[in-house]
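Let's take a walk through a structure you may not have seen before. Keep the 3D view open and turn it as you read.

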Amino acid sequence: MGPATRKKLFSIMALCAMVGLLLLPIIMSLPSPAAGEEAAADGAKKEGDKVEKGRDVYYKTEGIVVGAPAPKTTDGPKDYPRYNFESRVLLWFANQQHLYYGSFVLAVPIFCMIIEFMGVVTKDKALAKRYDQLAYDFIKISLTAYSLTAILGGILIFTFLTLYPAFFGYLSSIFRPVMHIYALMFVAESGTLYIYYYGWDKMKEGFLKWIHLSMSVVLNIIGTLLMFLANSWIGFMMSPAGVDEQGRFLGNIWHVIHTALWNPLNVHRILGNMAFGGGVVAAYAAYRFLAAKTDEDRAHYDWMGYIAMAIGVAFLIPLPFAGYWLMREVYAYRQQMGITLMGGLLAWLFIIQATMIGILFLSSNYYLWQALGRMRGAEKYQRYIKYLVFLLVCGFLVFITPHTMVMTPAELKAMGGQQHPVLGNYGVMSAKNGGINVIITTTVLSFVWYMRGNKVSTVSWSKFGNIFMGVFFACAYVNIIWLAIYGYYIPANVRVGLSVPQVATTLSCLFFMLALNSAMMKGAKQMGPIEWGKISARSQYALIMLATAFTWMMGLMGYIRSSVRLFWHVNEIMRDNSPWAYTHTVGFAANMISFNVLFFWISILFVFWLGSLGMKKVPVEAKAGVPGGAPQPAGSH
Amino acid sequence: MGQAILYGIISLIICVAYFTLVDHYLMDMQGLDYWYLFRK
């Protein structure tokens, strides 16, 4: 057996081992819940006791009680041991940091998979090498962050055990099999990640490269499953299922995992993680761009920032729709919960969230407009940018307009009720949806302009294509705005449905217009190369802004999602009787989120610095054949 | 110029029809009446 065949054999074996690791926890777990259920039932029968049955609080099915009721806690050192500090704040900090790093290390391998795949399928060898190097640099950063994630996970568990032992004991009694699977999956994730990373150089060509790419797929499946399992815990805390009204486990672990909010949370978190990961990597590239000493480095980091931003924004665009689905499911699960979120106690946090979303899209658009500057031929779009700014600002102002005001009791009395005489007429959901859909549609339009910046279509039907595209966008704007205004003239129960056609209009622009543009740009005439590195420094600050806004918004949304349970550890099942079972003021929450953001960015800078210590130089041959000296991955967009 | 106007009219007819259908059917799928105000 030759060395090449042996290498292939070992690679296939490693891949099979990864798949085995992936399946092992699932296979091992399958008999356990069933066996537990039967054993409990048998045990009860044998003893001649009556089998106690309970009714599932969500699924409304009957099941045999196999768990203890949720503990009724009291404020004291037994249930809530504490330091001379608010325990909730400590837990908040530990949780948030673990979540930031967890999101980052789950998102970056997905990036690597996409970029490595682009490198494998691209025909340009120099470009393929650059993609491969980029993916390798990403996974290297992710590896250091991965260790930190595990450490923060340990800190989080210890924080739970020491500060909230009764609650954590109850949660782990319900999720016992899931927690074991989680631990095994974590082992599988670590093993796969290390083989994937250390096997990079050994599996860089031909068939072995495909095996390596397959490993990244397995790695990401494991990572995603890990996240799904962790989501089941928060899903259970918000919308419990699989237990009776006393919180006793009814033996069906799938019901406990598959709660009303589990799927919307999963989708929202995948998209959020990807957008966040894109933002962090883009900020890293921006920092390196600003600190670069040579044109070559500037070109590389400009390109890296663009790729990361493009992936991040690609996942940012569907994110509001996933968020909308989550909120819809929250309303469907408990209307009161939805009202607390969007119309009550936490409503003003959504105004802050809307502001942050607006900033995200404004930053993305600003970056794309600046990026047009590195293309010859893109000047023709510059004079139209002011109209896009107008649309974005109008959409933004409508999106952040509140429906109610934060008022003192005296002000409320003077006004004669909750409804503000002027503001009460605005800020309804269909109008806000109109605002955000205008913003997203404008972002799609900016992206279409960027894609065709230095190109002229040569297809025979280009005139019709251009006119059709212009009319389609114009009609989409009219439709979105019309639906937003129409919402004011129809009852709330009809108005609520308008958001679906509004979203469909935006998605139509996204899918149809990007497809039409790609078809029109096939074989297009290039006006000049993309001059990577020749972009304003302002654009890089926009990337840093994008990343910071992502981080801040993640912290904010996590807080909103968690605090909607109000004084419950597990909604309507286990009450929080600690002295901190109240909702913080908006100001305190904002300060806490800012502190978390600051801590994350300082620590991630340390991770980046560690990663840069052994970073390989960008291959010099990448710049071969490019006028102006800057490496040019032509057609990378 | 005449050709551009023709293309514009064709595009407008397609787009208006498409978005009207989107509005109508997506409201209908939710059991809601898109034409509520006009029927009233």
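What follows is a tour of the two chains, their contact and a few single residues.

One thing to keep in mind: this is a predicted model.

## The two chains

Start with chain A. Its secondary structure comes to 22 helices and six strands. The C-alpha trace of chain A spans about 85 × 85 × 50 Å along its principal axes. Is that chain built like a compact globule, or unlike one, with its radius of gyration of 27 Å? For 637 residues, a compact globule would come out near 26 Å, so the 27 Å of chain A agrees with that. Of those 637 residues, 44% are buried.

Chain A also brings together parts that sit far apart in sequence. Take the contacts between residues at least 6 apart in sequence: 83% of them join residues at least 24 apart.

Chain B has 40 residues, and 20% of them are buried. You'll find two helices and zero strands in chain B. Its C-alpha trace spans about 45 × 20 × 5 Å along the principal axes.

## Where the chains touch

How many residues does each chain bring to the contact? Chain B gives 17 residues and chain A gives 17 residues. On the chain B side, two elements give two or more residues each: helix 1 (2-29) and helix 2 (36-39) of chain B. Helix 1 of chain B gives the most, with twelve residues. Sort the chain B side by class and you get twelve nonpolar, three polar and two charged residues.

## A core inside chain A

Now look for the largest nonpolar core, which has 175 residues. The residues with the most contacts inside this core are A:Phe138, A:Ala282 and A:Leu546. Which helix gives the largest share of the core? That's helix 9 of chain A, with 15 residues.

A:Leu546 is a handy spot to zoom in on. Leaving aside neighbours within four places in sequence, A:Leu546 is in contact with A:Gly279, A:Ala282, A:Met309, A:Leu360, A:Ser363 and A:Ser364. A:Ala282 turns up here again, as another of the residues with the most contacts inside the core.

## Two helices side by side

Two packed helices are described by the angle between their axes and the distance between the axes. Try that on helix 13 (residues 347-371) and helix 15 (residues 385-400) of chain A: the axes come within 9 Å and cross at roughly 170 degrees. Angles over 145 degrees count as roughly antiparallel, so helix 13 and helix 15 of chain A are roughly antiparallel to each other.

Which residues meet here? From helix 13 of chain A, they are A:Ile351, A:Ala354, A:Thr355, A:Gly358, A:Leu362, A:Asn365 and A:Trp369. Across from them, helix 15 of chain A brings A:Ile385, A:Leu388, A:Leu392, A:Phe396, A:Phe399 and A:Ile400. By class, this contact has ten nonpolar, three polar and no charged residues.

## Four residues to click on

Here are four residues of chain A, with their surroundings counted in C-beta neighbours. A residue is buried if 20 or more other C-beta atoms lie within 10 Å of its own, exposed if 12 or fewer, and partly exposed in between.

| Residue | Place in chain A | C-beta neighbours inside 10 Å | State |
|---|---|---|---|
| A:Arg130 | helix 4 (residues 125-163) | 25 | buried |
| A:Trp262 | helix 9 (residues 262-291) | 21 | buried |
| A:Glu572 | loop between strand 5 (568-570) and strand 6 (574-575) | 14 | partly exposed |
| A:Lys60 | loop between strand 1 (53-55) and strand 2 (62-64) | 8 | exposed |

A:Arg130 is a charged residue, and A:Arg130 is buried. Its C-alpha atom is separated by 9.7 Å from that of A:Ile115, 15 residues apart along the chain.

A:Trp262 lies in helix 9 of chain A. Not counting residues up to four places away in sequence, A:Trp262 touches A:Asn231, A:Ser232, A:Gly235 and A:Ile257. A:Leu15, by contrast, is 247 residues from A:Trp262 in sequence and 30 Å away in space, C-alpha to C-alpha.

The two loop residues have something to show in their backbone. Phi of A:Lys60 is near 65 degrees, a positive value in a residue other than glycine. A:Glu572 isn't a glycine either, and has a positive phi of about 65 degrees.

Technical notes: Residues are numbered from 1 along each chain as its sequence is written. Chains are lettered from A and ligands numbered from 1 in the order in which they are written. This is a predicted model: local features need pLDDT of at least 70, side-chain atom pairs count only at pLDDT 80 or more; totals for chains, interfaces and linings use all residues. Two residues are in contact if their C-beta atoms, placed from the backbone, lie within 7 Å. Helices (H or I, at least four residues) and strands (E, at least two) are DSSP runs, numbered from the N terminus. The radius of gyration is taken over C-alpha atoms; the globule rule is 2.2 Å times the number of residues to the power 0.38. Axes are lines fitted to C-alpha atoms, for helices over the stretch in contact, and angles run from 0 to 180 degrees between N-to-C directions. Angles under 35 degrees count as roughly parallel, over 145 as roughly antiparallel, 65 to 115 as roughly perpendicular and the rest as oblique. A nonpolar core is a set of buried Ala, Val, Leu, Ile, Met, Phe, Trp, Tyr and Cys residues joined through C-beta atoms within 7 Å.
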